[in-house]
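This report looks at a predicted model and takes up two topics in turn, the pocket and the cysteines. The sequence and structure are shown first.

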Amino acid sequence: MIDPLAEMVTLLQPSTPHSKIVEGAGQWRVRRSDLGQPFYCAMLEGGCRLLVGGQAPVTLAAGDFVLVPAARDFATTSLEPPAPDDSDAPPFATAPGAFRLGDREGAPDVRFVVGHCEFGSPDAALLVSLLPQLLHIRGEGRLATLVQLVRDESRAQRPARDVVLARLLEVLFIEALRAAAASGADQGSGDAPGLLRGLADARLAAALRRMHEAPARNWTVADLAREAALSRSSFFERFSRAVGTAPMEYLLAWRMALAKDLLRRGAGGIAEVAARVGYSSASTFSVAFARHVGVPPARYARAGDAVAA
């Protein structure tokens with residue numbers, strides 16, 4: 001059976017090349033804005049607070065993992081934050097890839113690994129829009145084990161430490177998405193719509209899996225409603241509310257993401273790609289692709305060949 005979450009992660013092509021180990025003591029605050037990059041934090045020891053985009057502060061504890069798929073404006077502070085009018089002291093380097101916040105002397109109150117992911121897919125904006133604004137995972141045994149491995153690796157000076165840390169953080173990223181999808185709620189994201197919220201609904205998940213399993217099928221809303229064992233109107237409303245887009249709009253976006261991936265990889269001619277994503281003719285597909293992407297599929301494929309060369 002096709003796994004929509006696995007397909008999304010495969011197309012996203014996540015990597016974690018930028019990470020650092022941070023420790024803090026006393027009162028401190030770090031603010032960032034207008035980055036637009038995926039931000040993550042794996043708590044190793046102690047606790048701190050995270051404020052994202054004007055939302056209520058989130059308290060983080062050892063073993064927690066946080067992912068912000070498109071960080072625009074956020075701040076991290078000590079559990080007892082400085083006064084609002086206090087200036088923010090920048091972190092100072094203690095070793096390559098390691099930084100200290102707050103008091104420079106004494107044992108640290110908190111240690112965490114923090115950094116920015118990179119998504120290799122040109123469709124990252126589309127796929128990120130299907131994720132919650134903030135993903136906060138706590139109390140997951142598998143995630144806690146991975147964070148423990150990150151903590152052990154960060155303290156050691158073994159050969160290829162940075163390579164191992166990068167791979168562990170990539171697995172953490174995927175495991176966090178899996179845990180959120182299985183939890184029945186987008187932890188830390190309130191009622192934010194997205195693919196994870198849709199997958200947490202057993203009935204909607206059945207329809208989503210069928211769309212991903214057979215994107216070339218001539219789906220209608222009524223067909224998908226039957227897969228979800230719901231009336232057409234109930235399915236349409238429930239899907240739109242949970243995923244944040246109407247069922248056929250989601251299907252179109254997913255078909256185009258698949259088509260772009262196939263064209264970039266040279267996995268068939270225009271007619272073959274058209275058939276694989278649900279179009280009866282190359283001309284119909286070309287019109288839809290150009291409308292959605294902004295360029296005809298042949299030109300898009302040539303651009304992909306030029307980049308790969």
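## The largest pocket

In this predicted model, the largest pocket has a volume of about 300 Å³. Its lining is made up of 21 residues, and those lying nearest the centre of the pocket are Lys-20, Val-30, Arg-32, Phe-39 and Val-114. By residue class, the lining of the largest pocket comprises 15 nonpolar residues, four polar residues and two charged residues.

## Strands that supply the lining

Several strands contribute to this lining, with at least two residues coming from each of strand S1 (14–25), strand S2 (29–45), strand S3 (47–52), strand S5 (65–77), strand S7 (98–102) and strand S8 (110–119). Of the contributing elements, S2 gives the most to the lining of the largest pocket, namely five residues.

## Cysteines and the absence of disulfides

How many disulfides does a search of the whole structure find? The search returns zero disulfides. Cys-41 is in no disulfide, and the cysteine sulfur nearest to that of Cys-41 belongs to Cys-48, at a distance of 5.4 Å. Because a disulfide requires a pair of cysteine sulfur atoms within 2.5 Å, the separation of 5.4 Å does not qualify. Seen from the other residue, Cys-48 is likewise in no disulfide, with the sulfur of Cys-41 as the nearest cysteine sulfur, 5.4 Å away.

Are these two cysteines buried or exposed? Cys-41 has 4% relative accessibility and therefore counts as buried, while Cys-48, at 0% relative accessibility, counts as buried as well.

Methods
Residues numbered from 1 in each chain as written. Predicted model: local features only at pLDDT ≥ 70, side-chain atom pairs only at ≥ 80, totals over all residues. Heavy atoms only, no water. 1 Å grid on protein atoms, 1.4 Å probe; cavity = no way out; pocket = protein on both sides within 12 Å on 5 of 7 lines; lining within 4 Å. Points joined across faces, edges and corners; volume = space filled by probe spheres on them. Helix = DSSP H or I, 4+ residues; strand = E, 2+ residues; numbered from the N terminus. Nonpolar A, V, L, I, M, F, W, Y, C, P; charged D, E, K, R; others polar. Buried < 20%, exposed > 50% of the residue type's maximum accessible area, 1.4 Å probe, protein only.
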